[in-house]
Number of protein chains: 2
Amino acid sequence: MGEAQVSLRHLYRVFTKPEHQDSKLAQIEQHLSDNILDFLSQHVVTKKTSLEEIEQDFSDSKVPESPEFVSSHAESLLDKLVAHSVNTYSPTFIGHMTSALPYFHLPLSKLMVGLNQNLVKIETSKAFTPLERQVLGMMHNLVYDNDESFYQRYLHSARHALGAFCSGGTIANITALWVARNKALGAQKGFAGVAKEGLASAYRHYGINNLGVMCSKRGHYSLSKAVDALGIGRQQLLALPCPTQTLQPEDALKAGKAYQEEGNRLLAIVGVGGTTETGHIDPLDELADVASELGCWFHVDAAWGGATLFSKKHRHKLKGIERADSVTIDAHKQMYVPMGAGMALFKDPENANVVRHHAQYILREGSKDLGATTLEGSRNGMAMMVYSSLHIFGRRGYELLIDQSIEKAKTFADMINRHPDFELITAPTLSLLTYRVCPAAIQARLQVAAEQEVNTLNQTLDRLIVNVQKLQREAGKSFVSRTRLESPGYPDRSVTVFRVVLANPLTTHHDLAAILAEQHMIASGTEDWRDLEDGKYSLTA
Amino acid sequence: MGEAQVSLRHLYRVFTKPEHQDSKLAQIEQHLSDNILDFLSQHVVTKKTSLEEIEQDFSDSKVPESPEFVSSHAESLLDKLVAHSVNTYSPTFIGHMTSALPYFHLPLSKLMVGLNQNLVKIETSKAFTPLERQVLGMMHNLVYDNDESFYQRYLHSARHALGAFCSGGTIANITALWVARNKALGAQKGFAGVAKEGLASAYRHYGINNLGVMCSKRGHYSLSKAVDALGIGRQQLLALPCPTQTLQPEDALKAGKAYQEEGNRLLAIVGVGGTTETGHIDPLDELADVASELGCWFHVDAAWGGATLFSKKHRHKLKGIERADSVTIDAHKQMYVPMGAGMALFKDPENANVVRHHAQYILREGSKDLGATTLEGSRNGMAMMVYSSLHIFGRRGYELLIDQSIEKAKTFADMINRHPDFELITAPTLSLLTYRVCPAAIQARLQVAAEQEVNTLNQTLDRLIVNVQKLQREAGKSFVSRTRLESPGYPDRSVTVFRVVLANPLTTHHDLAAILAEQHMIASGTEDWRDLEDGKYSLTA
């Protein structure tokens with residue numbers, strides 16, 4: 001590996017001299033531009049390499065002493081990093097929410113880095129600030145659909161914020177609950193507000209024993225981080241059981257009332273608009289009623305499902321979202337924007353003021369600097385990616401993408417239902433579904449067996465699913481994820497299931513059939529499968 | 001503007017068909033690659049356009065209904081956005097910490113987006129996970145310099161974290177104080193810990209009246225956000241006055257003791273390793289002693305100055321940083337990485353466990369998923385940018401960049417000192433300095449005048465500086481920022497000053513001389529200047 005000359009001249013060169021068009025890095029770039037699928041299939045190694053082996057390449061803890069030539073570094077990036085990364089563009093990588101991106105994001109990402117704007121303040125972002133405000137306004141409009149005069153008044157108002165752009169759904173959820181907390185425990189006569197005085201004083205002032213946040217057990221794990229970080233405490237995250245995958249309004253009301261009767265205060269109900277595990281949507285409209293009856297904040301975590309609002313056919317599934325005080329949407333999920341584009345939207349543009357802060361050198365009173373009401377400070381120009389996507393796809397383009405994803409999930413669910421040795425665990429509401437492989441005879445047995453036998457069989461199946469998921473991942477042709485959940489069929493005990501997200505527009509029905517076939521082949525080669533077919537567990541039960 | 005056909009075929013095309021090499025977006029890309037300075041100077045309009053005018057282009061709150069062709073969209077991006085963005089690459093844009101980036105980040109950003117990895121979990125990042133751990137290890141090593149066996153043990157340990165990679169310094173500071181808080185108020189007999197039980201219970205259990213965080217008045221505004229979000233309360237941020245720009249250890253000790261004697265508990269002292277406003281470094285070694293004496297956490301916010309550790313000549317300025325329990329460093333500042341690369345480092349790799357969390361479908365017990373101990377969830381592959389920069393620059397490359405930035409700041413300080421009509425307010429410790437324009441006669445007068453006259457003169461000068469800074473910015477040739485601060489010359493009252501950050505390697509001495517000349521010209525054309533020279537304020541005083 002060449003050691004580059006350490007000189008100011010060399011260093012200025014990396015700032016001022018473009019990559020030579022024959023350089024390795026330029027070649028990589030060209031290959032990405034010409035055919036990204038080909039680039040990935042050529043460079044991402046599919047054969048199994050253990051994590052321990054990969055770690056060997058990243059085990060030196062010393063900062064390299066001497067500079068390295070860009071081209072030789074690019075060579076080593078290909079060998080060590082790209083070769084052992086995950087081909088998220090692959091149509092058979094359907095285990096997580098990360099998928100192929102449209103081509104135009106490649107040049108746009110270069111433009112974003114080339115412009116190197118910092119959105120925390122107008123002085124380093126200028127037009128990016130109104131652009132980000134417009135993007136937030138468009139998403140706000142998509143959710144809340146206020147009239148034009150509302151947006152004329154608030155879109156570019158220095159004293160208001162329709163939302164906060166952030167790095168992702170977790171920060172968006174934290175931001176929303178931060179605003180909810182500061183609003184609920186705000187300043188009053190004799191009390192300067194929780195932002196200034198802190199949580200313990202606020203509890204004393206308001207006579208609160210505990211402050212709680214309610215969601216279903218399918219609520220995203222970021223909610224647990226949020227209540228921890230915000231000082232509320234994880235024990236006060238009231239995660240109600242939900243064999244149906246959704247938060248039942250009557251359960252929520254009952255639990256909320258009981259909680260309040262114990263001298264606690266319910267801060268917020270979080271409805272999920274597309275759970276990460278199964279894609280289910282809580283009954284948002286009814287939950288809005290419950291929140292209203294209990295007098296608490298209503299937040300909707302639509303990080304995944306928010307984009308469903310683009311579809312005339314499916315947007316009714318999110319009915320009630322327009323009653324939420326705050327909504328989380330990730331553009332890097334179903335809006336096919338690169339990672340790092342989360343948004344928290346606020347129904348009332350005044351509300352973000354409860355977390356407003358100023359500094360002497362930026363974010364001065366009256367400025368339109370976006371950093372005044374965000375949890376993060378310096379931020380890049382990701383809003384441009386969302387802006388461009390909104391224009392290049394348009395609502396009708398997103399609608400088609402959303403509709404066909406859901407269609408595909410339904411087709412896959414049909415395939416699973418038709419296959420004797422697979423069992424659908426949760427049907428798709430959006431483009432997610434869960435299922436498991438299970439010999440037909442065992443499926444029949446599970447219908448009639450006593451509890452003990454059901455449990456024994458399910459334990460074996462749990463082990464089988466973990467095993468098949470790992471072997472399939474290691475084989476490298478395709479990837480589904482797995483999780484554990486209660487379901488209508490098995491309400492009392494979680495079972496392990498395959499989880500798929502059919503968001504990649506490149507995934508075909510043929511791919512899905514091949515994935516099932518591979519899983520069946522892997523499963524039927526295992527000892528557990530043979531034991532199940534031999535009736536071993538049924539006999540011993 | 002062309003309306004693209006809304007069809008699945010068209011939509012698949014943006015996922016599968018590369019940009020044509022003659023397309024507008026491809027042309028933009030090529031121009032960026034060939035000569036980014038030329039691209040920016042050709043497309044970024046320097047003439048003044050008011051924010052209100054720019055907002056007109058971003059005032060529609062409706063999501064566009066129909067798709068737009070990529071090329072026509074690219075055209076409109078150039079006109080509306082690029083034209084009115086800020087040329088942060090310009091050698092005369094020296095007002096903030098955002099500057100030119102090395103060329104190699106342009107193709108690397110494309111690779112990052114092309115790979116679209118998600119670092120929250122290994123299943124969507126694979127080699128990126130060990131890579132990010134290695135980057136954290138290298139930075140940890142740079143700060144703490146432990147022996148090799150330490151890093152062999154912890155670098156890739158599933159049960160430890162040497163740090164948390166995050167979107168920026170604000171999240172890094174919040175993460176560090178979150179860990180400090182959860183550690184200080186941890187589980188004990190009869191108490192499950194603040195993470196689970198919340199802050200109010202923790203205060204009761206530990207008999208705490210208030211929990212405080214101490215820093216100087218130059219502490220970054222993110223600390224105020226942190227104590228707000230974490231439930232500690234902004235009033236408990238003990239920001240001590242610092243006319244010398246640094247937190248005095250004896251003041252810190254005295255204030256800390258007094259705070260504790262009032263029945264409060266000091267959670268942390270935050271030392272700043274390069275303040276955002278003046279680049280000063282707190283006496284970290286002495287502050288470590290104070291923290292130790294007071295029995296509290298010691299955090300160092302070296303978001304800006306951390307990279308100084310690469311320089312053998314200047315790293316002594318940060319002496320004591322290796323005693324910090326946690327350290328914040330932003331790679332997107334003096335490491336010349338694109339926006340979005342913050343790090344919180346932890347001296348003790350066990351400590352991050354106090355914020356560890358799990359989920360059923362990812363972050364499972366025993367996994368090496370990086371998301372288990374970060375505040376954020378999904379994150380992109382920014383660590384690759386830091387990794388590549390560490391290799392391409394090497395320690396010695398960064399050393400040269402740091403050394404010459406500081407050298408340049410000293411040269412600029414000399415220019416200011418030599419110029420009769422400028423007054424240096426804070427001399428550079430790192431590459432930042434503050435100064436103001438002030439007629440020579442007034443400088444002399446300020447030395448001898450009584451308090452009232454000094455105040456009147458300073459008020460006029462404050463107004464003058466604001467005015468000059470705005471006019472210079474609007475003229476579009478150069479940009480310095482401004483802030484207000486106390487200084488040894490004016491310890492009792494803040495004065496408004498120009499603030500510059502000399503981080504851009506492209507900035508020459510000639511550029512600096514031109515900036516001073518322009519400021520002098522603008523200033524001497526103002527009414528305030530004439531009034532000052534005419535002795536108006538001295539006479540009326």
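Is Phe15(B) buried or exposed? Keep that residue in mind as we walk through this predicted model. The short reply is that Phe15(B) counts as buried, because its relative accessibility is 1%, and buried here means under 20%. To see what surrounds it, let's begin with the two chains.

Take chain B and turn it by 180°, with 0.0 Å of shift along the rotation axis, and it superposes on chain A with an RMSD of 0.0 Å. That is the relation of a two-fold axis. The two copies also use the same surface to meet each other: 100% of the contact residues of chain B recur in chain A.

Now back to our phenylalanine. Phe15(B) forms an aromatic pair with Phe393(A), and the ring centres are 6.2 Å apart. Their planes make an angle of 35°, and the pair is classed as tilted. This pair crosses between chains: Phe393(A) belongs to helix α15 of chain A, while Phe15(B) belongs to helix α1 (residues 8-16) of chain B. Phe393(A) is buried too, as its relative accessible area is 1%. You can find a bigger gathering of rings if you look for Phe15(A): ring pairs link it into a cluster with Phe104(B), Phe310(B), Tyr336(B), Phe393(B) and Tyr398(B).

How many aromatic pairs does a search of the whole structure find? Over all chains, the count is 26. Another one to look up is Phe191(A) with Tyr206(A), whose ring centres lie 5.8 Å apart. Their planes stand at 90°, so this pair is edge-to-face. Its members sit 15 residues apart in the chain, and the pair links distant parts of it. Phe191(A) is in the loop between α9 (169-184) and α10 (194-197) of chain A, and Tyr206(A) is in helix α11 (residues 199-206) of chain A. Phe191(A) counts as buried at 5% relative accessibility, whereas Tyr206(A), at 22%, counts as partly exposed.

Next, follow helix α15 of chain A to a sheet. Strands of a sheet pair through backbone hydrogen bonds, and they can do this in a parallel or antiparallel way. Here you have an open sheet of four strands in chain A, with the order β8-β9-β11-β10 and antiparallel pairing. Its edge strands, β8 (422-426) and β10 (481-485) of chain A, each pair on one side only. On average, neighbouring strands in this sheet are turned by 40° against each other, if you ignore direction.

Zoom in on one side of the sheet. β8(A) and β9(A) (residues 432-437) run antiparallel, joined by four bridges. For Phe422(A), the bridge partner in β9(A) is Val437(A). Helix α15 (residues 383-418) of chain A lies across β8, β9 and β11 (495-501) of chain A, and it runs at about 15° to β9(A). Helix α17 (residues 451-475) of chain A packs on the sheet as well, where it touches β9, β10 and β11 of chain A. The direction of α17(A) makes about 35° with that of β11(A).

Last stop: the cysteines. The structure holds zero disulfides over all chains. Take Cys242(B), which is in no disulfide because the nearest cysteine sulfur, that of Cys215(B), is 8.7 Å away, and a disulfide needs the two sulfur atoms within 2.5 Å. Cys242(B) is buried, with 1% relative accessible area. Over in chain A, Cys438(A) is buried as well, at 0%.

How values were computed:
Residues are numbered from 1 along each chain as its sequence is written. Chains are lettered from A and ligands numbered from 1 in the order in which they are written. This is a predicted model: local features need pLDDT of at least 70, side-chain atom pairs count only at pLDDT 80 or more; totals for chains, interfaces and linings use all residues. Side-chain values use heavy atoms; hydrogens and water are left out. Copies are superposed by least squares on the C-alpha atoms of residues with pLDDT of at least 70 in both. Contact means heavy atoms within 4.5 Å. Buried means under 20% relative accessible area, exposed over 50%, partly exposed in between (1.4 Å probe, protein chains only). Two strands pair if DSSP finds at least two bridges between them. Helices (H or I, at least four residues) and strands (E, at least two) are DSSP runs, numbered from the N terminus. Axes are lines fitted to C-alpha atoms, for helices over the stretch in contact, and angles run from 0 to 180 degrees between N-to-C directions. Rings of Phe, Tyr and Trp (its six-membered ring) pair if their centres lie within 6.5 Å; planes under 30 degrees apart count as stacked, over 60 as edge-to-face and the rest as tilted.
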